[in-house]
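Welcome, and please open the structure in your viewer. We will go from stop to stop, and at each one you will hear what to select and what is there.

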Amino acid sequence: MVTLLLDSTRLEVVLSGAERVMAFRKGNVAVERSAITKVQLTDDTWTWLRGVPSPGTHLRGVVAMGTWKSAGGDDFVVIRRHRPGVVIDLEGDPEYQRLILTTRHGLALVQALRVEVAEEPADVVEIAAETGAVPVRKPRTRKAPAAAPAV
């Protein structure tokens, strides 16, 4: 899952090493906050995918990462399985028309975009938690598998 950092001037999509490889990118994706025109929450990000990967990785129903080119413009996508996510429409961005991201922090992003934030980038979940508008859930920890009895 991508990490979303927001400051007073821009939104940054922080990619892990594996995400950078699959998206064919050397760095993170940063867009000016003023370029964001609309943010939509969606239950299935696959329904928003348009065009063809160029360059990008696509395994139908499993993963889609990278730049998707279509007649409507270029989109940057990070989609994993059929999970909820966010669609961010951009206007005036030199690189992309839309960002389509699988994230469980879409509501926190919407809340964070509504408030004024500091100059230093911060995770959108932390920003939303400070406002008290979005309850913060602690990540689930998995139990270690029990050792099999010796025979």
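Before the first stop, one term: a strand here is a DSSP run of E with at least two residues, and strands are numbered from the N terminus. Keep in mind, too, that this is a predicted model.

**Stop 1: a cis peptide bond**

Select Pro55, which has its place in strand S5, residues 52-59. Now add Ser54 to the selection: the peptide bond that joins Ser54 and Pro55 is cis, with omega at about -5°.

**Stop 2: two positive phi angles**

Next, go to Phe24, in the loop between helix H1 (17-23) and strand S3 (29-32). Phe24 is not a glycine, yet its phi is positive, near 55°. Is Phe24 buried or exposed? Its relative accessibility is 53%, so Phe24 counts as exposed.

Then jump to Arg81, which lies in the loop between strand S7 (73-80) and strand S8 (85-90). Arg81 is another residue other than glycine with a positive phi, here about 50°. Because its relative accessibility is 45%, Arg81 counts as partly exposed.

**Stop 3: strand S7 and its partners**

Stay with S7 and select the whole strand. Of its 8 residues, 6 are buried, so S7 is largely enclosed by the rest of the structure.

Show strand S6, residues 63-70, beside S7: the two run antiparallel and are joined by 8 bridges. S6 and S7 form a hairpin, and 2 residues lie between them. To see one bridge, select Trp68 together with Asp75, its bridge partner in S7.

Keep Asp75 selected and bring in strand S9. S7 and S9 run parallel, with 4 bridges joining them. Which residue of S9 is the bridge partner of Asp75? The partner is Arg98.

**Stop 4: an aromatic pair**

How many aromatic pairs does a search of the whole structure find? The search finds 1. Select Phe76 and Tyr96 to see the pair: their ring centres are 5.6 Å apart and their planes are at 55°, so the pair is tilted. The pair links distant parts of the chain, as Phe76 is in strand S7 while Tyr96 is in the loop between S8 and strand S9 (98-102), and the two are 20 residues apart. Phe76 and Tyr96 are both buried.

Before leaving Phe76, add Arg25 to the view. The charged end of Arg25 sits over the ring of Phe76, 5.7 Å from the ring centre.

**Stop 5: helices H2 and H3**

Now select helix H2, residues 106-114. This helix is mostly covered, with 7 of its 9 residues buried. Try colouring the buried residues of H2: Gly106, Ala108, Leu109, Val110, Gln111, Ala112 and Leu113. While looking along a helix, it helps to know that an α-helix has 3.6 residues a turn, so residues three or four places apart point the same way.

For the last selection, pick Glu130, which is found in helix H3, residues 124-131. Because its relative accessible area is 70%, Glu130 is exposed. Finally, display the C-alpha atoms of Glu130 and Ala112: these residues are 18 apart in sequence, and their C-alpha atoms are 9.4 Å apart in space. Ala112 is among the buried residues of H2, whereas Glu130 is exposed.

Technical notes:
Residues are numbered from 1 along each chain as its sequence is written. This is a predicted model: local features need pLDDT of at least 70, side-chain atom pairs count only at pLDDT 80 or more; totals for chains, interfaces and linings use all residues. Side-chain values use heavy atoms; hydrogens and water are left out. Buried means under 20% relative accessible area, exposed over 50%, partly exposed in between (1.4 Å probe, protein chains only). Rings of Phe, Tyr and Trp (its six-membered ring) pair if their centres lie within 6.5 Å; planes under 30 degrees apart count as stacked, over 60 as edge-to-face and the rest as tilted. A charge sits over a ring if NZ of Lys or CZ of Arg is within 6 Å of the ring centre and within 35 degrees of the ring normal. Two strands pair if DSSP finds at least two bridges between them.
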